[in-house]
Amino acid sequence: MKSFMQKFGKSLLLPISTIAAAGIFLGLAAALQNSAIVGESFTSIVGVQNFIGFIRKLAGLVFGNLPVFFALSIALGMAKEEKATAAFSSLIGFLVLHLTLNYLLGLDGITSETTSVKYLIETGGLSQIDASIVNAKYETVLGFFTYRMNVFAGIIIGLVVTYLHNKFYKIQLPSSINFFGGKRFVPLVTLVAIPVVGLISYYVWPFVDSAISGVGKGISSAGAFGPFMYGSVNRLLIPTGLHHILNQIVRFTPIGGTAVIDGETVVGALNIFNAAIGSTSNISNEIVQIGSRYVGQGHMISVMFALPAAGLAMIKCAKDKNKNKVKALIFAGLAASILTGITEPLEFTFMFISPILFGFHIIMYGLGFMIMDLLGVAVGGVQAGFIDFTVFGLFRGIGTKWYLIIVVGLIMALIYYYGFKFLITKFNIMTPGREEDDAEDGEIAQISEKNIDLTSTIVKALGGKENIVSVENCMTRLRVVVSNNKLVDEKTLKSTGASGFVKPTPENIQIVYGLKVDQIASDVKAYLKSI
């Protein structure tokens, strides 16, 4: 399981690094289009604003298609061989899943038209609030109207297709149809298996929706504990994308609060917040705080202080030789988190790898919301990064109690830093940069790009092609699974430049080659295919 989780975590780094960079661009673009920050004169320059708007669209493309990126990346990272075939099959699987859901929804008369807010109000007789909640359960993905499953759909498809690929990519069919054997069989079996996954999802997902609605009602009756429940469940649902449904419930229904503003009754946290700050009357911060308790300040504690501290702890816990690579990944996530409140680049570095760290984050995130509510902070904002902190906190004055976000945030940062550092080291959690943790004494051999003799020596020292089950690599190690470990000649392997060996199990051998291991692994794989 530990080996699986390491591989799984590593396979997520490609989309994580992409959204980290996209988050920075999105944050900068949002700031440059905010007149409260750059002034009216700059935001009125049409050509410049059109270009900035295009940058926002590019960044939005990345976040909007994150589920399919996860499906592809998991297949690439976890397939034993023929990774291109695995990625291709994963894309097919992702499309088939949503095609299946789209078809089944259509059979029940559920379409984008019949779930639109306007249709539900006019034909279904629902209120604006109830119609919005129903509408939030669905979305359009790559042209398919489907359930809102977010990255959870990508993870499911990635894992299922990887399993099918690793099981069937070497399958031999009868000679008359063997053209469809081997790697060509994987897309075919994907086409057969994924509709079954879609059918199961179609009937299971509504129960998940119902459970979330029940949680929302529980939040409304929990008093001061409500914001804690909201924050904790919100983070728990992040991997599935179902936090959008919870957000709709508290933002647009009486569960999120009720207030009278300018003589009208307003329900829902976000509705109250927007009506209060948009009113020309002298609305008290107590009214604003009713709306802001579920939007803004609780999230600010996490994105501006806690998660950045967790990122620094992960850098601190990384191995020295990997620190520069980890810094590049974490710092990009820090910028996105602090500036715009986009948390995925940082959260995805640990939430799928360690339930312990994710559980810690869920509890502390909820506490941030509860503490802000108990202290009467009234900052608010939806994205809740530094931009929102400036616009809805600093610019609105001391009455918002924005200074308490800084005080509590700094305390929370210390808790996260030392908490993450303790948990990572105590349980040896494989956060980025910790995959390699043993000795690497001696000189690392300079591997020639096309050194066939060296490659053949390595293969022979591993017991030959027949003894090698699989070959992979990480940052500095060649990871080999062998059938018989007694056939491995460590002395010969050391002569090829290996500086050490790690053996998690008798059949799993990790050979430390240093930063040249990528080329060695490629040469070994190519050599094995050629003999």
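**Figure 1. The hairpin of strands β1 and β2 in the predicted model.** Tyr138 stands opposite Tyr147 in β2. The two strands, β1 (residues 138–141) and β2 (residues 144–147), pair in the antiparallel sense through 4 bridges. Between β1 and β2 lie 2 residues, and Leu142 in this turn has a positive phi of about 50°.

**Figure 2. Spans annotated as "transmembrane region" in the UniProt record.** The unreviewed entry places this feature at residues 12–32, 58–79, 86–105, 145–164, 185–205, 294–314, 326–342 and 401–420. Two of these spans, 145–164 and 185–205, are described here. Residues 145–164 are 70% helix and 15% strand, with 26 Å between the end C-alpha atoms. For residues 185–205 the figures are 100% helix and 0% strand, and the end C-alpha atoms are 30 Å apart.

**Figure 3. A nonpolar surface patch that includes Leu191.** The patch has an area of about 570 Å². Its members are Ile177, Phe179, Phe180, Leu188, Leu191 and Val192. Leu191 belongs to helix α11, which covers residues 185–220. The relative accessibility of Leu191 is 44%, so this residue counts as partly exposed.

**Figure 4. The salt bridge between Asp320 and Lys323.** The closest N and O atoms of the pair are 3.3 Å apart. Asp320 is exposed because its relative accessible area, 67%, is over 50%. Lys323, at 19% relative accessibility, is under the 20% cut-off and therefore counts as buried. Across the whole structure, a search finds 8 salt bridges.

**Figure 5. The salt bridge between Lys525 and Glu472.** The side chains of Lys525 and Glu472 meet at an N to O distance of 3.6 Å. This pair links distant parts of the chain: Lys525 is in helix α24 (residues 517–530) and Glu472 in strand β5, 53 residues apart. Lys525 is partly exposed, at 27% relative accessibility, whereas Glu472 is buried, with a relative accessible area of 13%. Lys83 joins Glu472 and Lys525 in a network of salt bridges. Side chains of opposite charge can pair when their charged atoms come close.

**Figure 6. The salt bridge between Glu490 and Lys503.** The closest N and O atoms of Glu490 and Lys503 are separated by 2.3 Å. Glu490 lies in helix α23 (residues 490–495) and Lys503 in the loop between β7 and β8, so the pair ties together parts of the chain that are 13 residues apart in sequence. Both residues are partly exposed: the relative accessible area is 27% for Glu490 and 48% for Lys503.

**Figure 7. Strand β8 and the strands paired with it, β6 and β7.** Strand β8 spans residues 508–512 and is mostly covered, with 4 of its 5 residues buried. Strand β6 (residues 477–482) pairs with β8 in the antiparallel sense over 5 bridges. In this pairing, Arg477 stands opposite Val512 in β8. Strand β7 (residues 500–502) also runs antiparallel to β8, and 3 bridges join them. Here Phe501 stands opposite Ile511 in β8. The strands β7 and β8 form a hairpin, with 5 residues between them. In a regular strand the side chains alternate between the two faces of the sheet.

**Figure 8. The polar contact between Gln510 and Arg477.** Gln510 is a residue of strand β8. The relative accessible area of Gln510 is 9%, so this residue is buried. A polar contact of 2.3 Å joins its side chain to that of Arg477. Strand β6, which starts at residue 477, is paired with β8.

**Figure 9. Cys474, annotated as "active site" in the UniProt record.** The annotation comes from an unreviewed entry. Cys474 is located in the loop between β5 (468–473) and β6. Cys474 is buried because its relative accessible area, 7%, is under 20%. Strand β5, on one side of this loop, contains Glu472 of the salt bridge with Lys525. Strand β6, on the other side, pairs with β8 over 5 bridges.

Note on methods:
Residues are numbered from 1 along each chain as its sequence is written. This is a predicted model: local features need pLDDT of at least 70, side-chain atom pairs count only at pLDDT 80 or more; totals for chains, interfaces and linings use all residues. Side-chain values use heavy atoms; hydrogens and water are left out. Patches are made of residues with over 30% relative accessible area and no salt bridge: like charges are joined within 9 Å, nonpolar side chains (Val, Leu, Ile, Met, Phe, Trp, Tyr) within 5 Å. Accessible areas come from the Shrake-Rupley method with a 1.4 Å probe; for residues, only the protein chains shown count as cover. A salt bridge is a side-chain nitrogen of Lys or Arg within 4 Å of a carboxyl oxygen of Asp or Glu. Buried means under 20% relative accessible area, exposed over 50%, partly exposed in between (1.4 Å probe, protein chains only). Two strands pair if DSSP finds at least two bridges between them. UniProt positions are given in the numbering used here, feature names are shortened, and annotations may be inferred rather than shown by experiment. A polar contact is a pair of N or O atoms within 3.5 Å; within protein, one must be able to donate a hydrogen and the other to accept it, and residues adjacent in sequence count only if both atoms are side-chain atoms.
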